[in-house]
Amino acid sequence: MLLDVDECQLVLVDYQEKLMPAMRDGEQVVANALRLAQAARLLEVPIWATEQNPLKLGGNVPALAALADKTLHKMSFSAATPELLDILRPPVRPAGGNARSLPKHLRKPEVAEPERPTIVLAGCETHVCLLQTALDLLTEEMDVWVVTDACSSRTERNRDAAFDRLAGAGAELVTTEMVLFEWLRDCEHPHFRTILQSIK
């Protein structure tokens with residue numbers, strides 16, 4: 001199963017400027033997040049970002065913040081707040097009724113189907129906010145792809161334990177280049193050369 005660019009949304013969790021120096025391979029992780037966000041912008045993939053307790057921890061890295069369609073502030077570790085879930089899964093549209101419609105009490109409850117059901121997820125810290133976000137999105141029956149080389153924790157052990165747990169819970173684990181090349185699909189894509197330059 002390959003990623004379909006038209007079904008994806010990118011969620012960037014807590015790349016806050018004050019936190020990144022403490023993250024293992026922080027500069028490389030931010031560079032990969034930027035590659036993802038720049039490609040998403042070119043390919044018209046929606047980009048949502050979050051910031052954990054920004055009054056104390058500050059804002060996201062400015063280059064990433066500038067690419068987000070919207071940045072949500074949170075106090076919970078999980079970014080899968082009602083506000084983000086409403087963005088990822090639009091509200092149910094009421095069904096049009098007619099004389100042949102079933103009475104309301106016989107209808108099955110409608111569940112909003114995301115227009116873009118695949119969530120490409122990256123962020124920090126992998127074993128806390130990223131993990132809890134991914135598990136909550138999986139509970140919401142969303143298709144979650146975690147970009148491992150755009151995620152970090154303060155320690156390798158915590159990061160890797162989170163990846164093991166995520167894989168066991170049903171998340172797909174991928175890398176930045178896997179995402180980019182699956183979004184493009186072939187070398188004749190009009191944005192192929194631009195995106196290729198970002199990874200050289």
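## Strands and helices around S4: worked exercises

S1 and S4 pair in the parallel sense over six bridges, where strands count as paired if DSSP finds at least two bridges between them. The model is a predicted one, in which local features need pLDDT of at least 70 and side-chain atom pairs count only at pLDDT 80 or more, while totals for chains, interfaces and linings use all residues. Residues are numbered from 1 along each chain as its sequence is written, and side-chain values use heavy atoms, with hydrogens and water left out. Helices (H or I, at least four residues) and strands (E, at least two) are DSSP runs, numbered from the N terminus.

**Exercise 1.** Work out how S4 is placed among its neighbouring strands and how the chain leaves it.

Begin with the S1 side, where Leu10 has Val120 of S4 as its bridge partner. Turn next to S5, which runs parallel to S4 and is joined to it by four bridges; here Val120 stands opposite Trp145. The chain passes from S4 through H5 to S5 in a right-handed β-α-β crossover, meaning that, with the strands pointing away from the viewer, the path from the first strand over the helix to the second runs clockwise.

**Exercise 2.** Decide whether S4 is enclosed or open, considering the two directions in which its residues point.

Thr118, Val120 and Ala122 point one way, Ile119, Leu121 and Gly123 the other way, and all are buried, that is, under 20% relative accessible area, with exposed meaning over 50% and partly exposed in between (1.4 Å probe, protein chains only). Because six of the six residues of S4 are buried, the strand is largely enclosed by the rest of the structure.

**Exercise 3.** Test the length of H6 and find its buried face.

For the 14 residues of H6 (156–169), 1.5 Å a residue gives an expected span of 20 Å, which agrees with the 20 Å between its end C-alpha atoms; the expected span is 1.5 Å times one less than the number of residues. The buried residues are Arg159, Ala162, Phe163 and Leu166. Seen down the axis, they fall within an arc of 100° and so line one face of the helix, the arc being that of the directions from the helix axis to the C-beta atoms. These buried residues pack against H5 (126–139), S5 (143–147) and S6 (172–174), contact meaning heavy atoms within 4.5 Å. The face turned away carries the exposed residues Arg157, Asp164, Arg165 and Gly168. Just after H6, Gly170 takes a positive phi of about 110°.
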